[in-house]
Amino acid sequence: MKSILVTVEGPIGIGKTSLSREISRAFGLELLEEIVYENPFLGKFYQNIAEWSFQLEMFFLCNRYKQLQDIRNHYLAKGTSVVADYNIFKNTIFAKRTLSDENLPKYLKIYDILTSDIPQANLVIYLTASIDTVMKRIAMRDRDVERNMDVTYMENLIADYNEFMQEFERHHPEIPVLKFQCDDLDFVHKPEDLRYVMGQIEPIIKTLTQQEMPQSSS
């Protein structure tokens, strides 16, 4: 069987990590969780986005790059499939929203260099929802660094994700994207919703692990 990389993406609080853990358990994939709350700039960022955005994004980029190097060398290269609760392309979504005109071009150059030879996803699972749903779920998990979350920032981020994913599907038809609208889905608290979501994912994973998929270089 072919080893694959499955990534789960979507805005903050949508349920990426929860779903990734369920996929890992159900299909025997190695689980990769991004380093988020170890970022020393996160709390400062939510208090002053303009001041701390470059430091925050560089920390995330370097850590995600190292994680993807590790899974390539230790898992994918040895035939073990992986599910990650992020896709590194999210870096560009956040950076274009938060970085200044001066810092963005520098950041994107570094991003292109670092991501030129890392593993690309064979399947992207995209979770989305309205701003009301996202803010309610962020409030429910009640994490200290997210209590100052700006609603306008989150609303813009959801729009950025939707726009990015439309472009991604247009430019990468070789990579399947499975989208779930989560306003009416709560796979964390409702077993029937989880069964539905997993039922949609299962046949795609089975197909991908039984055949070679072309890899994207971008």
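What separates Lys-206 and Glu-202 in helix H8? In this predicted model, the two residues are four apart in helix H8, which means that about one helical turn lies between them. Their side chains meet in a salt bridge, with N to O at 3.1 Å; Lys-206 counts as partly exposed at 45% relative accessibility, and Glu-202 is likewise partly exposed at 32%.

Salt bridges that share partners also join Glu-9, Glu-34, Arg-64 and Lys-90 into one network. Within this network, Arg-64 and Glu-34 bring their closest N and O atoms to 2.7 Å, and because Arg-64 lies in helix H3 (residues 49-74) while Glu-34 lies in the loop between S2 and H2, the pair ties together parts that are 30 residues apart in sequence. Arg-64 is buried, at 5% relative accessibility, and Glu-34 is buried as well, with a relative accessible area of 15%.

Turning to the strands, S4 (residues 123-128) has six of its six residues buried, and it is therefore largely enclosed by the rest of the structure. In a regular strand the side chains alternate between the two faces of the sheet; in S4, Leu-123, Ile-125 and Leu-127 point one way, whereas Val-124, Tyr-126 and Thr-128 point the other. Strand S4 pairs in the parallel sense with S1 (residues 5-9) over four bridges and with S5, again in the parallel sense, over five. Ile-125 takes part in both pairings, as the bridge partner of Val-8 and with Leu-178 of S5 as its partner.

Beyond strand S5 (177-181), the loop leading to helix H8 (191-208) holds Asp-184, which is exposed at 70% relative accessibility and gathers with Asp-132, Glu-155 and Asp-183 in a surface patch of negative charge.

Terms used. Residues are numbered from 1 along each chain as its sequence is written. This is a predicted model: local features need pLDDT of at least 70, side-chain atom pairs count only at pLDDT 80 or more; totals for chains, interfaces and linings use all residues. Side-chain values use heavy atoms; hydrogens and water are left out. Patches are made of residues with over 30% relative accessible area and no salt bridge: like charges are joined within 9 Å, nonpolar side chains (Val, Leu, Ile, Met, Phe, Trp, Tyr) within 5 Å. Accessible areas come from the Shrake-Rupley method with a 1.4 Å probe; for residues, only the protein chains shown count as cover. A salt bridge is a side-chain nitrogen of Lys or Arg within 4 Å of a carboxyl oxygen of Asp or Glu. Lys and Arg count as positive and Asp and Glu as negative; His and the chain ends are not counted. The place of a charge is taken as NZ of Lys, CZ of Arg, CG of Asp or CD of Glu. Buried means under 20% relative accessible area, exposed over 50%, partly exposed in between (1.4 Å probe, protein chains only). Two strands pair if DSSP finds at least two bridges between them.
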